[in-house]
Amino acid sequence: MDREKNDRTGWRPSRYNMFAQIPGSNRVACTNVFNGSFAVYSKEELYLLSEVESLCMDHPIIEHFRKRGLIVNFDELKALDAMGRLSSASIPFVNLTICPTMECNFRCPYCYVSEGKVEGIMSSGVQDDILALAERMVDASRAKTLAVRWYGGEPLLAPSVIENLSTRLMKLAESRGIGYKAWMFTNGYLLTQDIADMLGRCKVEKVYITLDGIGSVHDRTRPLAGGGSSFDRILRNLREQRLPFHVNVRHNLHDGNKDQAEKLKKLIRQIAEESKNDLQYYGADVRDYFSEVKDVQMLSAEDYSDLVKERYGGHISRSHGIHCDANTMWSVGVNPKGRLFKCWEFPNDEQMSFGSAATWKPEDPIGTADQPDEFTKYFTDFLPLQDPECRECKWLPVCLGQCAVLRFRHEGHCLFWKGKEEEYVIAIYRRMLRESKLKNI
């Protein structure tokens with residue numbers, strides 16, 4: 001009778017289990033990337049896992065495996081699909097990525113935003129439209145937070161737009177009894193004390209600033225529009241201004257500046273200690289951005305591998321249903337002319353615009369869109385389960401297809417760890433061993 005009950009319940013090993021033999025041990029580490037669990041087992045326990053469909057329901061290990069997601073009695077692919085669709089509609093944030101201008105005081109040769117650039121600074125009329133759009137989205141979504149990303153171009157070329165619109169958006173959030181938060185992507189050149197104080201008043205809590213190296217190495221690929229150095233000014237701003245927000249200093253890494261990584265990391269740490277500003281360095285691979293820049297060589301496969309292991313090695317992943325805000329109903333980007341986009345990295349590409357801030361209504365997202373296909377594809381064609389390769393991949397719960405736009409254009413990249421499941425599991429084991437967490441699993 002117990003055997004029949006187990007057959008009806010349908011317990012079976014998850015398709016998203018990953019295993020690795022622990023070096024110098026008879027035990028095996030296991031993680032499940034759907035559930036986000038990790039544990040170490042004997043080979044006898046793993047034998048029971050492989051035979052779970054034959055075990056009696058009252059066997060004590062059944063509940064242990066179930067809690068860790070190692071066994072399931074449901075279709076995991078359908079569950080991922082449902083999680084993605086539910087997340088796309090129920091996210092607790094309204095996310096607005098606002099580009100007050102697409103103009104920039106830098107001329108970076110790898111900048112994809114500069115192509116087909118929309119000229120000028122956002123008008124007061126477009127600001128009115130954005131405020132009205134935010135009000136419609138907040139009311140329709142019942143979101144708990146209004147979140148704003150300032151993007152560009154270089155957003156600090158339009159400080160009055162940032163301050164005026166932020167003040168109005170913060171008042172909207174307050175009137176609806178919800179939270180407000182803001183981030184900014186800036187090159188950091190114009191980050192004076194007055195600007196920093198203004199951003200503090202505008203509740204900007206995190207700022208991203210990019211460096212391509214130290215001194216002339218940085219200046220080569222991030223020069224001023226009229227020519228000349230930008231590096232010294234950026235570092236002086238980080239050192240001398242009192243910054244009321246966290247700063248993520250992104251180091252764009254390639255073969256020509258990789259040897260500066262440790263020195264730049266140390267420099268940023270030193271500036272943080274001296275200035276008492278909250279600064280954090282992180283290295284980022286830029287093989288896509290720099291691929292067409294003359295005389296710039298990408299990181300080697302070995303260097304790229306080391307970078308990924310340093311940043312992501314040992315981190316346990318759990319599926320959240322969606323990879324990108326663009327796949328959610330309540331996330332849009334808007335350029336200086338008031339055109340709306342789902343993917344906020346391409347605000348200059350009019351072909352990807354689905355509507356206007358003046359006329360688009362979330363309560364009728366299809367009927368009020370100028371180009372409905374540019375809206376709906378993020379919920380249909382761009383979902384990873386539409387891709388046969390993604391459906392069969394063990395990393396689907398974590399990757400979720402990664403960038404939908406690049407994947408749809410056949411330019412996407414699979415996760416670094418694909419095909420290296422054992423190496424990934426051992427990285428988790430070693431990190432937990434260092435942090436003395438193994439006793440709790």
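Which residue takes a positive phi in the hairpin of β12 and β13? The legends below address this and other local features of a predicted model, in which local features need pLDDT of at least 70, side-chain atom pairs count only at pLDDT 80 or more, and totals for chains, interfaces and linings use all residues. Residues are numbered from 1 along each chain as its sequence is written, and side-chain values use heavy atoms, with hydrogens and water left out.

**View A. The hairpin of β12 and β13.** Gly 338 takes a positive phi near 90° in this hairpin, which has 4 residues between its strands. Strands are DSSP runs of E with at least two residues, and helices are runs of H or I with at least four, numbered from the N terminus. Strand β13 covers residues 339-341 and pairs with β12 in the antiparallel sense over 2 bridges; two strands count as paired if DSSP finds at least two bridges between them. Phe 341 in β13 is the bridge partner of Gly 333.

**View B. Strand β12 and its pairing with β6.** Strand β6 (residues 93-98) runs parallel to β12, with 4 bridges in the pairing. Asn 95 has Ser 331 of β12 as its bridge partner. Within β12 (residues 331-334), Ser 331 and Gly 333 point one way, whereas Val 332 and Val 334 point the other way, and all are buried. Buried denotes under 20% relative accessible area, exposed over 50%, and partly exposed the range in between (1.4 Å probe, protein chains only).

**View C. Helix α10 and its two faces.** Helix α10 (residues 261-275) has 15 residues and reaches 21 Å from its first C-alpha to its last, close to the 21 Å expected at 1.5 Å a residue; the expected span is 1.5 Å times one less than the number of residues. Its buried residues are Ala 261, Leu 264, Lys 265, Leu 267, Ile 268, Ile 271, Ala 272 and Ser 275. They lie on the same side of α10 because they cover an arc of only 160° around the axis, the arc being that of the directions from the helix axis to the C-beta atoms. Exposed residues Glu 262, Lys 263, Lys 266 and Glu 273 occupy the face turned away from the buried side. Just after α10, Lys 276 takes a positive phi of about 65°.

**View D. Cysteines outside any disulfide.** The structure holds 0 disulfides, a disulfide being a pair of cysteine sulfur atoms within 2.5 Å. For Cys 104, the nearest cysteine sulfur is that of Cys 108, 6.1 Å away. Cys 104 is partly exposed, with a relative accessible area of 25%. Cys 390 counts as buried at 14% relative accessibility; its sulfur is 6.0 Å from the closest cysteine sulfur, in Cys 399, which is too far for a bond.
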